[in-house]
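Q: Could you walk me through this one? I have not looked at it before.

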Amino acid sequence: MMNRFEENLSIYVVEDDAGVLKSMCALLGAHGHATIPCASAENFLRVFDPDRKACLLLDVRLPGMSGTQLQAHLNELGISLPTVVVTAHGDVPIAVQSMRAGAIDFIEKPARAEDILNAVNMAIGMLFNRQPPVISKKIVSNRLAKLTDREREVLHHLLLGKLNKEIANELKVSQRTVEGHRSRIREKMHARGIADLIRMLG
Amino acid sequence: MTTDQVDLTTCDREPIHLIGAVQPHGALIAVNDATGIVEYASLNTATYIGHAPETILGQTLAFVIGAENAAALPPLELTTTTPELLQPWFFSFDGPDGTRIDAECLPHRSDAHIILEFVTPEPKPAAVWEDELLRRGVITELFKPDVLGELADASAKIIRDVTGFDRVMIYRFAEDKHGEVIAESTNRPDSFLGLHYPASDIPEPARRHFVLNVMRTIPDINGARSPIVNRSGEVANAEAAQPLDLTFSKLRAVAPVHVEYLNNMGVGASMSISLITNNSLWGLVACHHYGPRLVSSSRLRFAELLGSTTSALLQSIENTNKLQKSIRAEKTAFHIEQQARSGRPLGDLVQEHARDLMELTGTQGMLLVLGKDVIQSGTVPETPLDFAPLRAQSVDGVATTQTLSAVVDMDAEQMQVAAGAAYLDLSEDGADHLVLLRANFDQTIRWAGKPEKVETVGKDGTARLSPRGSFALWREERRDRSKPFDDTDSDALRILRRALFALNSLERERLARDAQHASEAEEIRLRHALLDAARASSLGELASAIAHELNQPLSAVANYVSACRQEFINAKIEMPERAGELMDDAIAETTRAGDLVRRIRDFITRGDLNADFIDVMTAITQGIDLAFVSSQLPRLQVDISAEDDLPQVLADPVQIGQVILNLVRNSISAMRTSQTQALTISVTKDDRDVQVLIQDTGPGIPAEMQKYIFEPFHASTTKGMGIGLSLCRSIVQAHGGSIWVQPSTVGATIGFTLPARGEHDE
């Protein structure tokens, strides 16, 4: 519906779980998106048409070639495809890695329809040279300024995709303390989660 | 009472075989076996053999019936030992006036004498055998039934057809010798079917005669008896110096008391055929005619033959019944054994087969006592009975009685439902036993007669003995008694006892072994608890895999529902508002489930908390709300109190909600059967922690269990896997708090703390 004017646009959905794949296509289809279901990365590469205007909804956890490997492969081929990565919850290292590899957003399973649609619309926007909404650098730096040194240190580690336990070990504090820092970082940065932080700070 | 005047037990002492007279439908002479001299003769001999007694007494038998006939007698085998069919001897001889006399003679031996009884010969003795239709009828009707009652019915009908009596009844004698009319064929409007008679109705001497003589006929109750005299002209009765033993006489005169009994019932002629199985009196075919009736010899023989045939068939049916009952008992026992083999407890199995067991033993109530456990089935006394005195009478672990009140002290209510009992020992010490109860006979008896026809007082005003009167007497006798336990019951009981005893022994052995190994099991349990640490890593992997697998369908469900809603919009179908809400609810639930799965996974795999500074009351309220969704305690009172100005805690609200959910759910489940159902939750603070106490009014936690309940896989409630409380402990400890069982006077109290947000946290 939202992109009825972009009729030749398709969304490749790469997902190994048949139920999730079918339901994801049903959801996107209901919202007016043309979808091309792919049960694996290999399957995607077979049906992929470089001439078609498309974006990619990619599950990172796939049998055979993984989502991350597919991203790397596409990068090597010089194919730039607006990509939304779907991860299992809490797979922060992979989410961070995918974002750095060019994914414009990631969503965690099970995701709310709203999140999926927002992410997909953001990807479609990229196709039409619309940038994702960026919070101004000023606001971000204002927020960053509120962080203590310790919190900034924890944030740094978080952006590297490190786990609480690892951060606690490295900073020689308790895990509980790290959790406290994380909670206050989210508060001060107005971030819902790690994805927001990555988007704000790269 | 109607029977005071005629006390039949007096007949027990009456020597009816020495009555010294014959009935008028035949004549009797007795010949000394050694000398061949006629020593006794009935006064009516002239009517049947032409000679008056005085002309033949002291003469040789050859003088009376001719040398040729007399010579033919010794070769006849005259046994007196077993009842046998009438064997008439037909011959003819010249009477004193020279006329030819045809004789039908029934000879038998009595001590030193051969007794010859003469009856009027039939012109065509074998006529009845020629009756093709009758024969065919007998064969088909008598051999077809395989049920005792049916056979008795058929027999009664055929015998009435053959003899022409007004009423033919078949009695059956119980072990206590009382009789019951089990079949009847009659042309009369009244019926005696189903009536019971006291044992005294047939006195002991009569009973003996029934065994010795299969057939007894009285063609005319009131016919003048004909005395038997000896050579001196004395009547050869009990008072005589040498009475004549008429035990096997067919013509023997009727005892006065019996004449009165039959007259009271208006009976003019009677005939009886003994039904003998296994050499004892099983029952009796009693034929009554309401006027004199002389049945021809050939028909008598035929009726006698029918009686013998019926006896044989009854025996075979009864043996079959007995066998079938035993087989059924074996089958039931086998069935229980089989199920027990799969590990089912004996108590459950006996209860499951209660109906079978009671039907098999003809009982209406059952008590299974296994130590302190008592399992009841059917109708049992409200106030329990002590069966120890009955047990004292047991032989090979089985005791039966039809008068339990004579063995065990009991009140009127108990006597109704437990008039009789069978006791089966299921353990050597008697701690385990099965008692099967029979209700009062009155309640189990089948009343098939027409009770309104009761003759009690004769025209002359004297009390009369009648079948109805007898029945009343019999009922009086039965008071506080059950139907007796017979041989067949005993066989079934023994079979069941053997099987149940064996099963119970096995079960007891197993329980003893279990108890013996309890300490070892305790050790193993502790080892398991220690291994939990080692298991954590693999448990984490498992949790991860489960979380992933669960998340896939959850995602799909959420997507489908969202897609569905959108498709309605696309199709411009106006969706009912409620349907939209329900869809939202469905999506919210998938989100919640996903949330829960992921947090538990995070927690198990990494000990990670998604902690925020939260208001502890919010989490508590959410947990309680969830617990009450499935609560079924409408009387439950909930009291939540919180200290003012509670500090925030650094906690994962979902996980704290889980802790509350678990604890409250345990409390609710513990209070299910409690009189008072109150749940008290209090939240307090001190300088370091926020403390939560949850108290219920359930049975509390036994002291010996208190130290284990937080250990994993310890099923302190019957439901669940026993990880609920251990998960609570893990969560609380991961939050830096502690959890414990708080000593309390009422129910159980569990407390836990969470560190409060302190100044150092700012």
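Q: Why should helix α5 of chain A span 21 Å?
A: The model is predicted, so local features need pLDDT of at least 70 and side-chain atom pairs count only at pLDDT 80 or more, while totals for chains, interfaces and linings use all residues. Residues are numbered from 1 along each chain as its sequence is written, with chains lettered from A in the order in which they are written. Helix α5(A), residues 113–127, has 15 residues at 1.5 Å a residue, which should give 21 Å (the expected span is 1.5 Å times one less than the number of residues), and its end C-alpha atoms are indeed 21 Å apart.

Q: Which residues of α5(A) are buried?
A: They are A113(A), I116(A), A119(A), V120(A), A123(A) and I124(A), where buried means that 20 or more other C-beta atoms, placed from the backbone, lie within 10 Å of a residue's own. They cover an arc of only 140 degrees around the axis, which puts them on the same side of α5(A).

Q: And what follows that helix?
A: α5(A) is followed by N129(A), whose phi is positive, near 60 degrees.

Q: Switching topic, how many residues does each chain give to the contact?
A: Chain B gives 30 residues and chain A gives 25, with two residues counted as in contact if their C-beta atoms, placed from the backbone, lie within 7 Å.

Q: Where does the largest share of chain B's side come from?
A: α18(B) provides that share, 15 residues.

Definitions and conventions: Helix = DSSP H or I, 4+ residues; strand = E, 2+ residues; numbered from the N terminus. Buried ≥ 20, exposed ≤ 12 C-beta atoms within 10 Å, placed from the backbone. Arc of directions from axis to C-beta.
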